[in-house]
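Hi everyone, thanks for making time today. I'd like to walk you through a structure that may be new to you, so let's get it up on the screen.

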Amino acid sequence: VTVPADLDRRFRDAAAASGLLDVAFDLHDSPVGPLLVAATPRGLCRIGFDPEPEREAERLAHDLGARVLRSPNPLAPARRQLDEYFESSRRDFDLPVDLAGVAAFQRAVLEELRLVPYGATATYGELATRIGRPGASRAVGGALNRNPVAIVVPCHRIVGASGSLTGYAGGLERKRTLLDLEGGYAQLDV
Amino acid sequence: MMTAVATPPPFERFYLDTRADVLACLRRMLGRTEAEDAFQETFLRALRAYGDLEHARHLRAWVLTIATRVALDERRRRRPVPVAEIVERAAPDGRPAYAELADLAGSLPPTERAAVVLRYGYDLAYDDIGTALGSSAEAARQAASAGVRRLRRTT
């Protein structure tokens with residue numbers, strides 16, 4: 001027996017509409033490769049570069065609850081805004097972000113990071129200072145490396161003290177692409 | 001010694017693993033058209049309860065019991081029900097032959113039909129069938145054998 005596609009889709013829609021899901025996720029094609037996009041009822045909780053939904057679903061279930069289902073409707077606004085961002089018709093995301101599963105220090109880093117504007121960059125040290133922890137740039141780097149909501153929480157805008165790209169969980173190639181898109185990296189003296 | 005108990009997998013994994021069985025079970029009990037509504041209802045009920053599951057054991061049996069309850073509710077609501085497709089595959093030795101049962105066009109009472117389908121179509125234990133039917137393992141065994149006897153009488 002094969003479950004017809006329309007029946008499958010109707011269940012996935014109904015599950016999202018029921019409000020019973022801990023996490024809805026979907027895959028989204030982008031110029032930096034397929035993205036896995038996920039949201040809780042409170043907001044976006046994941047944009048990841050691992051296109052393997054099985055593995056990411058395991059992590060989401062572990063972090064946020066077992067009721068994790070691929071369901072397109074709740075992700076439609078995020079997918080639309082990502083498309084607009086990659087078409088350079090959007091500079092700021094108007095999406096709630098749910099960082100409830102994130103520890104306090106990392107949350108402070110990520111919330112401060114959201115204030116770094118489109119097209120700009122900051123260094124790890126600057127970000128550490130802004131959250132009142134000057135000298136904690138290594139810890140800030142660790143927090144950014146585990147950023148669960150890439151792109152929308154713009155960890156690609158954080159660079160080394162010399163202006164070098166340094167690290168990026170999605171790989172330096174993606175970081176360069178995102179900064180080029182925003183026009184910020186070209187201004188860096190590397 | 002403590003044994004590690006696996007927690008339930010993501011609902012997505014569970015759904016992908018069991019959806020075909022659930023749909024097949026519902027089609028056998030309700031027919032093709034009504035099975036679709038029941039399919040949605042089954043997985044919504046499963047989703048509602050899924051967050052409270054403490055382990056990953058017997059998930060297939062668990063969802064088939066939910067499907068059975070949904071189908072029984074549906075059958076109580078809508079009667080009469082055409083019966084023809086009760087069992088389709090060949091059975092292992094020692095069980096009523098599917099070929100023999102499959103040709104039957106008569107209608108079993110809902111509980112007997114559910115017990116027969118779950119026992120011989122899905123190889124569920126009587127404990128699980130009892131849970132699905134809201135009764136005991138012994139009552140499930142009796143319902144299954146009464147169903148088989150009734151089917152045999154009509155051949």
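Let's begin with one leucine and look at its surroundings. Leaving aside residues up to four places away in sequence, A:Leu178 touches A:Val32, A:Tyr85, A:Phe86, A:Ile151, A:His156 and A:Tyr168. Please keep in mind that what you see is a predicted model. A:Leu178 sits in helix α7 of chain A, which covers residues 172-182. Is A:Leu178 buried or exposed? With a relative accessible area of 0%, A:Leu178 is buried. For a sense of distance, take A:Ala104: A:Leu178 is 74 residues from A:Ala104 in sequence, and their C-alpha atoms are 27 Å apart in space.

Two of those neighbours, A:Tyr85 and A:Phe86, bring us to the next helix. That is helix α3 of chain A, residues 76-86, where the buried residues are A:Ala78, A:Gln81, A:Leu82, A:Tyr85 and A:Phe86. They span an arc of only 135° around the axis, so they lie on the same side of α3(A). And what covers them? The cover of these buried residues includes the strands β1 (23-28), β2 (35-40) and β3 (43-48), along with α7, in chain A.

Just past that helix there is a small backbone detail. α3(A) is followed by A:Ser88, with a positive phi near 60°. A:Ser88 belongs to the loop between α3 and α4 (104-113) of chain A, and A:Ser88 is partly exposed, at a relative accessible area of 46%. As a reminder, most residues other than glycine have a negative phi.

Another neighbour of A:Leu178 also has a positive phi: A:Ile151, with a value near 70°. Where is A:Ile151? You'll find A:Ile151 in the loop between α6 (137-145) and β6 (158-159) of chain A. Unlike the partly exposed A:Ser88, A:Ile151 is buried, with a relative accessible area of 0%.

A:Ile151 also leads us into the nonpolar core. The largest core has 89 residues, and those touching the most other members are A:Leu44, A:Leu144, A:Ile151, B:Phe11 and B:Phe39. A second, separate core of 9 residues includes A:Phe25, A:Ala38, A:Cys45 and A:Ala57. In general, nonpolar side chains of soluble globular proteins tend to be buried together.

Let's follow B:Phe11 for a moment. Among the residues B:Phe11 touches are A:Phe11, A:Val68 and A:Leu69 from chain A, as well as B:Phe43, B:Leu47 and B:Tyr50 from chain B. Those last three are among the buried residues of α2(B), and so is B:Phe39. Helix α2 of chain B, residues 32-50, has 19 residues and reaches 26 Å from its first C-alpha to its last, close to the expected 27 Å. Its buried residues pack against α1 (5-17) of chain A, and against α1 (11-30) and α3 (59-77) of chain B.

Stepping back to chain B as a whole, how many helices and strands does chain B have? There are 7 helices and 0 strands. Of the 155 residues in chain B, 48% are buried. Residues 24 or more positions apart account for 70% of the chain B contacts with a separation of 6 or more.

Last, a word on cysteines. Across all chains, the structure holds 0 disulfides. For A:Cys45, the nearest cysteine sulfur is that of A:Cys155, 15 Å away. A:Cys45 is buried, with a relative accessible area of 3%, and B:Cys25 is buried too, at 0%. Thanks for listening!

Methods. Residues are numbered from 1 along each chain as its sequence is written. Chains are lettered from A and ligands numbered from 1 in the order in which they are written. This is a predicted model: local features need pLDDT of at least 70, side-chain atom pairs count only at pLDDT 80 or more; totals for chains, interfaces and linings use all residues. Side-chain values use heavy atoms; hydrogens and water are left out. Helices (H or I, at least four residues) and strands (E, at least two) are DSSP runs, numbered from the N terminus. Buried means under 20% relative accessible area, exposed over 50%, partly exposed in between (1.4 Å probe, protein chains only). Contact means heavy atoms within 4.5 Å. A disulfide is a pair of cysteine sulfur atoms within 2.5 Å. The expected span of a helix is 1.5 Å times one less than its number of residues. A nonpolar core is a set of buried Ala, Val, Leu, Ile, Met, Phe, Trp, Tyr and Cys residues joined through side-chain atoms within 4.5 Å. The arc is that of the directions from the helix axis to the C-beta atoms.
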